[in-house]
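Student: I should like to go through this entry with you, moving from the chains to the nucleic acid. Please begin wherever you prefer.

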Protein chains: 2
Amino acid sequence: MNLLDENGMDEQQFLAQYNQKEYPCPSVAVDTVAFAISEGSQDNYRKLPSKQLCLLLIQRAGHPHIGQWALPGGFVEPDETVGSAACRELEEETGVADSYIEQLFAFSTPGRDPRAWVISVAHMALVSSGKLEAIAGSDAQSAKWFVLNASSGNGQVALSLKAGDVELSATVALNGEQLEPEIIKNDGLAFDHAKIIAYALMRLRGELEYSDLAFNLMPEKFTLSELQQVYELLSGKRLLSAAFRRKVNSFVVQTGEYTQNAGHRPSQIYVRNKE
Amino acid sequence: MNLLDENGMDEQQFLAQYNQKEYPCPSVAVDTVAFAISEGSQDNYRKLPSKQLCLLLIQRAGHPHIGQWALPGGFVEPDETVGSAACRELEEETGVADSYIEQLFAFSTPGRDPRAWVISVAHMALVSSGKLEAIAGSDAQSAKWFVLNASSGNGQVALSLKAGDVELSATVALNGEQLEPEIIKNDGLAFDHAKIIAYALMRLRGELEYSDLAFNLMPEKFTLSELQQVYELLSGKRLLSAAFRRKVNSFVVQTGEYTQNAGHRPSQIYVRNKE
DNA sequence: ATGTGATAATATCAGTATGTTATTAACTAA
DNA sequence: TTAGTTAATAACATACTGATATTATCACAT
């Protein structure tokens, strides 16, 4: 390529004199909303169907927003993609590795970080229930799984997060998938992370309908009733089991194994059908 | 908030001494894949059903990739969101305004821009056919609508772009929605824009199934046959008109107006139903 | 042993939606 | 008036869906 520009420079000369810092540039961060399903309290007999949606937060040890709870994340480095940065930060800060990760949206409202101009590429991670114990025992002391309860109405979503005696809450107004939500109320969440959590929840619910995303939240082996509970939890609707079984039938494979000591007819154990 | 960090600083002191430039930061760009449907050659009688999918490219006047064709875009500024940057650059460079714009994906593979570390947040714009003439007459001299032909097979997409006597082509391998495509072959497209175009096309086709995205490509008033042609063009499949009419019925409203001088039974003109 | 209560799994059936073909309608051009 | 063309809808068989009912299989209590 020997074309010259209006200054008579070829591409090599141009690149040699190019100085990126003439222009202002933002820091680019990643923040990850890691969802998982809690197993629920397991009375051996007459157990409660108490699965709950959980998400992973970290208590901030430094400024800004010291003491508040934030999504795991950090700054992207020059030798990695935003996706690998999200995986790296999630594992460093919380011990969660090898989970499904999806890029959601770049949050870029000016002023969203009081330190400086920071654009954050939000990600969603779905953590298989089979991996939860390992994570709980990792050495990421400040990371905690919070039980998430969300109630939506007239365009707003109220988030309630509980982990032990820590309780956080926030309300945001949704503006569709293409605009950042607005924070109406925020108690205990750092930065604009209430926005990001609400956005991720909306996307998770939306993609439920036309994808097999929910399987990433399941352990390797599961019963169809367990799978249905997860769908019901995420969609907020009660489903009829006969119809549900028909719908997921092509996405699962029977193992021939059955649950034991359940106090009722054993249920067959399935695995995900990877086509 | 009067909490102190391990250095005994409160938040105000911390922010006063914070220096962003201690850390490397990328430039953040936006690039927009603007799609539109060409009206096709209109023989008044026995006209060809020759709608085509078009996209907007700009010939680069400076280094790098001087002379090659690139997506309209540019760097994000500190006082705007990536979405407004995408709208601004698209209008500045091509005259396209007030179109539907959707954020797609942040492209961040190291080395994707030879000048420096640049992360690009790709967007997709859908331009209503009613606006095409205005744009063609704008003063954006270097912008051209290219006719896009894409053929996919065994995980690869071959792109062919034509505008007058300019012909570009590229082949990329898709890796799902969560990884950037890989460039196999590239003739005439700047940077990694072949990747971005292929990704946008995949998303456009995917969202066709479960959204009313396609209406953004239509003029305000249209017939159901025209709408069907657009769906057929984008999906690559032939559709049966009786079934198609039933499916879109709830998304459109009759106007009571009809086409004229068509050489056959007039077709009724519809507008989009905004619920 | 036998019954009770629980959930799993499937059968059944009506109503709806879908794919397909056939038919009718309305226009232009010859 | 006829041929050619596309629009629009009717008609019908099949598939899918929501809902209820039925049967299966276990743990436990009596």
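Tutor: Let us start with Pro64(B), which is placed in the loop between β2 (52-59) and β3 (69-70) of chain B. Helices (H or I, at least four residues) and strands (E, at least two) are DSSP runs, numbered from the N terminus. This is a predicted model, in which local features need pLDDT of at least 70 and side-chain atom pairs count only at pLDDT 80 or more, while totals for chains, interfaces and linings use all residues. Residues are numbered from 1 along each chain as its sequence is written, chains are lettered from A and ligands numbered from 1 in the order in which they are written, and side-chain values use heavy atoms, with hydrogens and water left out.

Student: Fine. What kind of peptide bond joins His63(B) and Pro64(B)?

Tutor: The bond is cis, with omega about -10°. In chain A, a cis peptide bond likewise joins His63(A) and Pro64(A), with omega about -10°. Pro64(A) sits in the loop between β2 (52-59) and β3 (69-70) of chain A.

Student: On to the protein interface. How many residues of chain A are in contact with chain B?

Tutor: Chain A contributes 49 residues, and these are in contact with 49 residues of chain B; contact means heavy atoms within 4.5 Å. The area buried between the two chains is about 4100 Å², with 64% of it given by carbon and sulfur atoms. On the chain A side, His63(A), Gln103(A) and Trp117(A) lose the most area to chain B, together 16% of what that side buries. Buried area here is the accessible area (1.4 Å probe) that two parts lose on being put together, summed over both.

Student: Now His123(A): is it buried or exposed?

Tutor: His123(A) is buried, with a relative accessible area of 2%. The term means under 20% relative accessible area, with exposed over 50% and partly exposed in between (1.4 Å probe, protein chains only). His123(A) belongs to strand β6 (residues 118-127) of chain A.

Student: And what is His123(A) in contact with?

Tutor: Leaving aside neighbours within four places in sequence, its contacts include Asp31(A), Val82(A), Ala86(A), Glu102(A) and Gln103(A). The C-alpha atoms of His123(A) and Val82(A) are 9.2 Å apart, although 41 residues separate them along the chain. A polar side-chain atom of His123(A) lies 3.0 Å from the backbone oxygen of Val121(A). That is a polar contact: a pair of N or O atoms within 3.5 Å, where, within protein, one must be able to donate a hydrogen and the other to accept it, and residues adjacent in sequence count only if both atoms are side-chain atoms.

Student: Why is α4(B) described as largely enclosed?

Tutor: Of its 17 residues, 14 are buried, so α4(B) is largely enclosed by the rest of the structure. This helix (residues 193-209) reaches 25 Å from its first C-alpha to its last, close to the 24 Å expected at 1.5 Å a residue. The expected span is 1.5 Å times one less than the number of residues.

Student: Turning to the DNA, which residues are closest to DNA strand D?

Tutor: The closest are Arg246(A), Arg265(A), Ser225(B), Arg245(B) and Gln268(B), among 19 residues that surround the strand. Of the strand D atoms within 4 Å of the protein, sugar and phosphate account for 59%. A residue is near a strand if one of its heavy atoms lies within 4 Å of it.

Student: Which base atom of strand D is 2.8 Å from Gly263(B)?

Tutor: A base nitrogen of DNA strand D is at that distance from a polar backbone atom of Gly263(B). A base nitrogen of the strand is also 3.2 Å from a side-chain N or O atom of Arg265(B).

Student: What about strand C and Asn261(B)?

Tutor: A side-chain N or O atom of Asn261(B) is 3.4 Å from a phosphate oxygen of DNA strand C. Asn261(B) is exposed, with a relative accessible area of 67%, and has a positive phi of about 50° although it is not a glycine. The residue lies in the loop between β12 (252-258) and β13 (268-272) of chain B. Elsewhere, a polar backbone atom of His264(B) is 3.2 Å from a base oxygen of strand C.
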